[in-house]
Amino acid sequence: MSDRRMPLFLGRVSYRQRRLADAARVLPVIGGALMALPLLWPRGGAEGTPATSTAMIYVFGVWALLTALSALLSALLDPNAAGEGELGESTGEITESPDIRSGG
């Protein structure tokens, strides 16, 4: 066993970034379910059934909502915070990546 104990909680920023990433991953599943919903609407000539135009307006509205939500999520996600706080704390060290042009 290691002498170093794992922290119990993640950092606040790291936790929020992970939950935003989870929301971005589940958004297509929710969108697929919402887009398939008009397939469950009753069909036929009876009164009270939604028209095709109503279904098209619904599909367009869902598409616009999904576009707005994905834009919001992508704006809130910080690509630099993905690796921070994996152990609950940031080391504060800046690591330099090798320069591709110099071959090292």
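Student: What is the mean pLDDT of the chain?

Tutor: This is a predicted model, and pLDDT gives the predictor's confidence in each residue, from 0 to 100. In this chain, 67% of the residues reach 70 or more. The mean pLDDT of the chain is 77.

Student: Over which residues does pLDDT stay under 50?

Tutor: Where pLDDT is low, the predicted coordinates should not be read in detail. One stretch calls for that caution, although the model has 15 contacts for it beyond four places in sequence. The stretch in which pLDDT stays under 50 is residues 84–94.

Student: How many helices and how many strands does the chain have?

Tutor: Helix α1 covers residues 12–36, and helix α2 covers residues 52–76. The secondary structure of the chain comes to two helices and zero strands.

Student: Is α1 roughly parallel or roughly antiparallel to α2?

Tutor: Two packed helices are described by the angle between their axes and the distance between the axes. Helices α1 and α2 pack with their axes 10 Å apart, at an angle of about 170°. Angles over 145 degrees count as roughly antiparallel. Therefore the arrangement of α1 relative to α2 is roughly antiparallel.

Student: How many nonpolar, polar and charged residues does the contact of α1 with α2 have?

Tutor: On the α1 side, the residues that meet α2 include Q17, L20, A24 and G31. On the α2 side, those that meet α1 include Y58, W63, S70 and L76. By class, the contact of α1 with α2 has 14 nonpolar, three polar and no charged residues.

Student: Which element gives the most to the largest nonpolar core?

Tutor: In soluble globular proteins, nonpolar side chains tend to be buried together. Here the largest nonpolar core has five residues, namely L20, L27, V62, L66 and L73. Both α1 and α2 give two or more residues to this core. With three residues, the element that gives the most is α2.

Student: Which residues does L20 touch, not counting residues up to four places away in sequence?

Tutor: L20 belongs to the largest nonpolar core, and is one of the α1 residues that meet α2. Beyond the residues up to four places away in sequence, L20 touches L73, L76 and L77.

Student: Does W63 count as partly exposed or buried?

Tutor: W63 lies in helix α2, and its C-alpha is 8.0 Å from that of G31, although the two are 32 residues apart in sequence. Buried would require under 20% relative accessible area. Because its relative accessibility is 48%, W63 counts as partly exposed.

Student: What is the C-alpha to C-alpha distance between V13 and D78?

Tutor: V13 is in helix α1, and counts as exposed because its relative accessibility is 55%. V13 and D78 are 65 residues apart in sequence. In space, C-alpha to C-alpha, they are 9.9 Å apart.

Technical notes: Residues are numbered from 1 along each chain as its sequence is written. This is a predicted model: local features need pLDDT of at least 70, side-chain atom pairs count only at pLDDT 80 or more; totals for chains, interfaces and linings use all residues. Side-chain values use heavy atoms; hydrogens and water are left out. Axes are lines fitted to C-alpha atoms, for helices over the stretch in contact, and angles run from 0 to 180 degrees between N-to-C directions. Helices (H or I, at least four residues) and strands (E, at least two) are DSSP runs, numbered from the N terminus. Angles under 35 degrees count as roughly parallel, over 145 as roughly antiparallel, 65 to 115 as roughly perpendicular and the rest as oblique. Contact means heavy atoms within 4.5 Å. Ala, Val, Leu, Ile, Met, Phe, Trp, Tyr, Cys and Pro count as nonpolar, Asp, Glu, Lys and Arg as charged, and the others, Gly among them, as polar. A nonpolar core is a set of buried Ala, Val, Leu, Ile, Met, Phe, Trp, Tyr and Cys residues joined through side-chain atoms within 4.5 Å. Buried means under 20% relative accessible area, exposed over 50%, partly exposed in between (1.4 Å probe, protein chains only).
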